[in-house]
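Biologist: I would like to learn how to read strands, loops and helix contacts in a model. Can we take them in turn?

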Amino acid sequence: MVANASRVSVAARWLGLAALLFGLIPALLAAIGGGYPFQVAITALIFVTLAVSLNLVTGTAGLLSLGHAGFFGVGAYAAALASTKLGWPFPLTLPLAAVAAAVVGVLVALPTMRLISIYFAVATLGIGEMIHVALLNWVSFTRGPMGIRAIPPIEVLGLDLSGVVGGYYAAAAVAAAGIFAVHRLTHSYYGNALRSLREDDQCAAAMGLNPVRLKIEAFGVSCAIAGAAGAVYAHTASFISPDSFRFEESILILAMIVVGGLGSLPGAVVGAVLLIVLPEALRGIGDFRMIAVGVFMFLSILFQPKGLLGEASAIALFRRQLGAAWRGDIQAGWK
Amino acid sequence: MPDFFDAYFAQQIINGLSLGLVYALVAIGFTLIFGILNVVNFAHGEIYTVGAFAGLLLIVGAAPPLLAVVLFAMAVGAAAGVGLERLAFRPIRRFSDEASLKSRAMREATLLSSLAVSIVTRELMVHFFSGEMQVIPQAALLQEVIAVGPLTLTNGNLFIFGASVVMLGGLQFMLYRTRVGLSIRAVSNNVLGARHVGIDTNRTIVATFAIGSALGAAAGILVGLYNGNIFPYMGFAPGVKAFVAMVMGGLSSIPGAVISALLLGVSESVATDFISAGWKDMIAYGLLVVTLIFFPQGLFGHGRERV
Amino acid sequence: MTAETLLEVTALSRAFGGLRAVDDVSAQIRKGELVGLIGPNGAGKTTLFNLISGFTPPSSGTVVFRGRTINGLKPHQVSRLGMARTFQNLRIFPNMTVFDNVSVGAVGALGYGLRHGFFGGRARAEEISARTWAALERVGLAGVAGELAANLSYGKRKYLEIARALATDPVLLILDEPAAGLNDTETAELARFIKGLHAEGGTILLVEHDMGLVMSICERVMVLASGAKIADAAPAAVQADPAVLEAYLGIADDEEVA
């Protein structure tokens with residue numbers, strides 16, 4: 001059957017992606033040599049996870065969020081506190097971080113979901129900064145500006161992933177899971193529902209969709225993934241402080257998906273890798289990281305408003321790849 | 001609990017009012033630009049920083065009288081505002097029809113482009129001046145103590161009061177008694193209509209950016225000299241707070257923004273009696289979120305579109 | 001008149017400030033009817049429409065749809081009860097394909113939630129696909145299913161909106177000024193299409209500004225003027241009604257007879 005053949009090719013493609021992420025890239029990094037390339041790769045993977053998660057709310061559902069780093073921070077602190085104070089291992093702190101960020105996300109989303117467009121954007125900016133102020137000043141709980149030190153490295157069921165190479169594999173696994181989850185949601189009819197909210201939420205409501213519920217779901221899932229990225233960050237960096245979860249980081253994540261293409265999953269991945277790896281490559285001539293980010297963002301808004309890999313072409317790619325055509329001649333449906 | 005009539009409390013009120021006037025000067029720029037284009041100018045905080053740096057460079061270079069420093073900062077701020085409009089707003093603006101002018105895509109694109117310009121501006125300043133606080137010549141600081149009865153004011157307080165009142169008065173005069181003011185009000189009211197009666201909308205928009213940015217830049221140098229710290233990231237907090245004041249004031253109302261800015265300044269200043277200084281920023285962000293959720297019309301009940 | 005009553009509006013009013021946009025309107029629509037709602041500009045047609053579909057809450061009065069009182073329900077709840085609408089000023093999802101636009105109607109009616117997205121929901125997806133294709137076939141847009149909606153011509157966008165509404169498998173279809181902006185040939189084609197839908201057993205309320213289309217295809221016509229219902233009868237009777245003529249006088253007196 002055609003369906004079986006397409007299912008096989010789907011599996012083959014995911015296997016190929018896994019081989020790239022867990023075989024080819026680490027081999028290349030090892031060939032470049034030293035721990036530093038792995039360090040950069042871990043940062044890139046954490047930001048891939050963050051960009052992919054932000055893309056679900058901002059790119060697909062159209063809720064411009066300027067406070068995403070706040071949820072990343074909630075996850076990181078949840079993992080750091082649980083592991084340093086309660087001695088929880090990574091397999092427990094990871095879901096805890098995701099749940100904590102999702103809970104905070106849904107709580108702040110409930111009252112703000114009525115706001116549209118730039119008003120929502122500004123509300124999320126306020127919320128992101130509130131999270132930062134809380135992390136900074138709730139000293140008895142978060143140790144404030146001193147941050148949390150000596151967060152234990154990652155160990156999964158006796159498997160020691162404490163070095164940079166181990167950290168890479170953990171970060172890659174979480175990034176892959178995040179990509180897979182967002183892929184499932186956006187490349188399905190659920191994705192169509194979210195996109196219709198972005199295009200015209202009143203009209204979507206007239207078609208029987210509950211806009212508030214869908215937005216809260218998308219926001220919760222997105223925050224959960226950002227929280228998981230936070231756990232990876234806490235355990236691989238071993239030290240976190242409130243300054244890693246500020247407006248600037250939120251903007252960096254946003255710039256990644258703008259450059260890559262709002263609503264485009266491969267775009268988010270490419271944008272994140274580009275904005276992390278490129279400034280590293282430019283380090284020789286000085287620290288131009290944020291300047292490069294700003295310039296990239298500006299140029300892409302002006303000259304490539306759909307991003308490097310626009311949503312429409314990305315979706316068309318996935319339809320074809322997944323053999324999801326309901327009919328052979330027109331590739332329009334989703335499975 | 002503090003005695004509500006003690007000198008300390010009065011002192012906090014006065015400090016809060018100076019702070020609020022500074023927020024007001026910054027908020028006016030936001031409000032003018034939002035009124036005319038319906039967009040949020042995310043680079044407005046950087047204009048404030050640019051004003052502070054321009055003033056500082058002049059002080060270090062020539063040590064002129066304070067008035068000259070402020071006027072210079074305003075001129076540089078106005079020029080920066082015009083450049084900002086050219087770079088981040090005009091390329092994205094399309095005047096084809098009312099719908100596309102106010103469309104979400106246009107608003108979000110300009111929000112992002114102004115954000116990008118603000119990042120580049122700020123990071124360039126970090127690159128050239130370092131991210132640290134700048135050294136300000138002692139003579140230029142506005143920290144000379146003036147005792148009024150039990151109150152301890154500084155000449156900075158007085159200067160901020162004086163300059164803000166003059167600038168707010170000047171703005172009112174400009175908006176209601178001059179041709180430029182008339183065209184700004186006309187374009188704010190109805191862009192296409194203003195165009196039909198022969199108003200040059202692009203020039204009016206440029207004028208709005210120049211005026212709003214000049215006020216923001218003046219606030220930047222005044223605060224820099226009053227607090228004694230000028231650094232590339234200084235624009236973020238007043239930018240956000242001025243934005244809060246604009247939202248609380250009902251988005252396009254200048255009196256509303258000014259009153260809200262004063263309220264915000266005083267509440268922040270008085271709140272340090274009750275909560276530690278670190279938590280004080282929570283007030284502005286909290287007010288922002290609460291206003292957006294519960295008072296979408298602003299605190300003073302101006303009508304406005306769906307938020 | 002033995003058919004079951006689908007929609008019953010009783011003493012419905014809505015005021016905006018001092019203006020009574022809809023004033024004490026009562027009306028009903030029975031299963032299988034093709035009813036027209038006309039009135040001059042500003043008569044309150046769109047407000048009445050928004051009151052019925054849950055977009056605007058009424059100041060007073062009730063709306064009963066399929067035996068349930070629906071005032072106070074949200075638009076998505078009204079939609080799920082089987083009432084589908086199009087919009088006067090064409091509201092498509094421009095950055096989605098034609099297929100995806102229409103699928104939103106099917107998703108809204110059949111449901112495709114977070115758990116379907118995560119865990120497959122293959123059977124539900126097949127159902128949505130089938131219904132989307134059927135709606136696309138019905139309006140003749142199946143051939144351009146993969147196009148971005150923004151690339152369609154104005155006339156085709158109208159059909160796209162109708163297809164999206166049909167994909168919800170509505171019990172009552174309300175079309176808001178579908179002929180606006182169409183030329184005579186296109187309007188005639190639209191008239192044939194709407195009659196076709198009706199012939200298949202669909203219940204349709206056609207809200208129109210211009211009387212031509214309504215008079216030519218509807219079985220019954222309601223006339224709204226200044227927020228009040230001034231006539232409710234067969235087209236011929238409505239055309240002869242002096243109150244209707246007066247309401248339209250000087251507005252459209254040479255195009256009122258089709």
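Modeller: We go through a sheet, two loop residues, a helix pair and a chain contact. Keep in mind that this is a predicted model.

Biologist: Start with the sheet. In what order do the 6 strands of the open sheet in chain C stand?

Modeller: Strands of a sheet pair through backbone hydrogen bonds, either parallel or antiparallel. In chain C the order is 6-7-8-3-9-10, and the pairing is mixed.

Biologist: Which strands of chain C stand at the edges?

Modeller: Strand 6 (83-85) and strand 10 (228-233) of chain C do. Each has a single partner strand, so one side of each lacks a neighbour in the sheet. As for twist, neighbouring strands of this sheet are turned by 20 degrees against each other on average, direction ignored.

Biologist: How many bridges join strand 6 of chain C to strand 7 of chain C?

Modeller: There are 3 bridges, and the two strands run parallel. Strand 7 of chain C covers residues 172-176. One pairing to look up is Arg85(C) in strand 6 with its bridge partner Ile174(C) in strand 7 of chain C.

Biologist: Now strand 3 of chain C. How many of its residues are buried?

Modeller: Strand 3 spans residues 34-38, and 5 of its 5 residues are buried.

Biologist: Which residues point which way from strand 3 of chain C?

Modeller: In a regular strand the side chains alternate between the two faces of the sheet. Here Leu34(C), Gly36(C) and Ile38(C) point one way. Val35(C) and Leu37(C) point the other way. Residues on both sides are buried.

Biologist: With which strands does strand 3 of chain C pair in the parallel sense?

Modeller: With strand 8 (residues 203-208) of chain C it shares 5 bridges. With strand 9 of chain C it shares 4 bridges. On the strand 8 side, Ile38(C) has Glu208(C) as its bridge partner. On the strand 9 side, Val35(C) is matched with Arg220(C).

Biologist: On to the loops. What is the phi of Arg66(C)?

Modeller: It is near 50 degrees, a positive value in a residue other than glycine. Arg66(C) sits in the loop between strand 4 (60-65) and strand 5 (68-69) of chain C. Ser226(C) also has a positive phi, about 50 degrees, and is not a glycine. Its loop links strand 9 (220-225) and strand 10 of chain C.

Biologist: Why does Ser226(C) count as partly exposed?

Modeller: Because it has 16 other C-beta atoms within 10 Å. That falls between the cut-offs, 20 or more for buried and 12 or fewer for exposed. Arg66(C) is partly exposed with 16 such atoms.

Biologist: Next, the helices. At what angle do helix 3 and helix 4 of chain A cross?

Modeller: Helix 3 (residues 68-85) and helix 4 (residues 90-112) of chain A cross at roughly 140 degrees, and their axes come within 8 Å. The helices are therefore oblique to each other. The crossing is right-handed.

Biologist: Which residues meet between helix 3 and helix 4 of chain A?

Modeller: Helix 3 brings residues including Phe71(A), Val74(A) and Gly75(A). Helix 4 brings others, among them Thr93(A), Leu96(A) and Val104(A). By class, the contact has 11 nonpolar, 4 polar and no charged residues.

Biologist: Last, the chain contact. How many residues come from chain B and chain A?

Modeller: Chain B gives 31 residues and chain A gives 30 residues. Helix 5 (104-129) and helix 12 (281-294) of chain B each supply at least two residues of the chain B side. Helix 5 of chain B gives the most, with 15 residues. By class, the chain B side has 20 nonpolar, 5 polar and 6 charged residues.

Notes: Residues are numbered from 1 along each chain as its sequence is written. Chains are lettered from A and ligands numbered from 1 in the order in which they are written. This is a predicted model: local features need pLDDT of at least 70, side-chain atom pairs count only at pLDDT 80 or more; totals for chains, interfaces and linings use all residues. Two strands pair if DSSP finds at least two bridges between them. Axes are lines fitted to C-alpha atoms, for helices over the stretch in contact, and angles run from 0 to 180 degrees between N-to-C directions. Angles under 35 degrees count as roughly parallel, over 145 as roughly antiparallel, 65 to 115 as roughly perpendicular and the rest as oblique. A crossing is left-handed if the near helix is turned anticlockwise from the far one by less than a right angle, and right-handed if clockwise. Two residues are in contact if their C-beta atoms, placed from the backbone, lie within 7 Å. Ala, Val, Leu, Ile, Met, Phe, Trp, Tyr, Cys and Pro count as nonpolar, Asp, Glu, Lys and Arg as charged, and the others, Gly among them, as polar.
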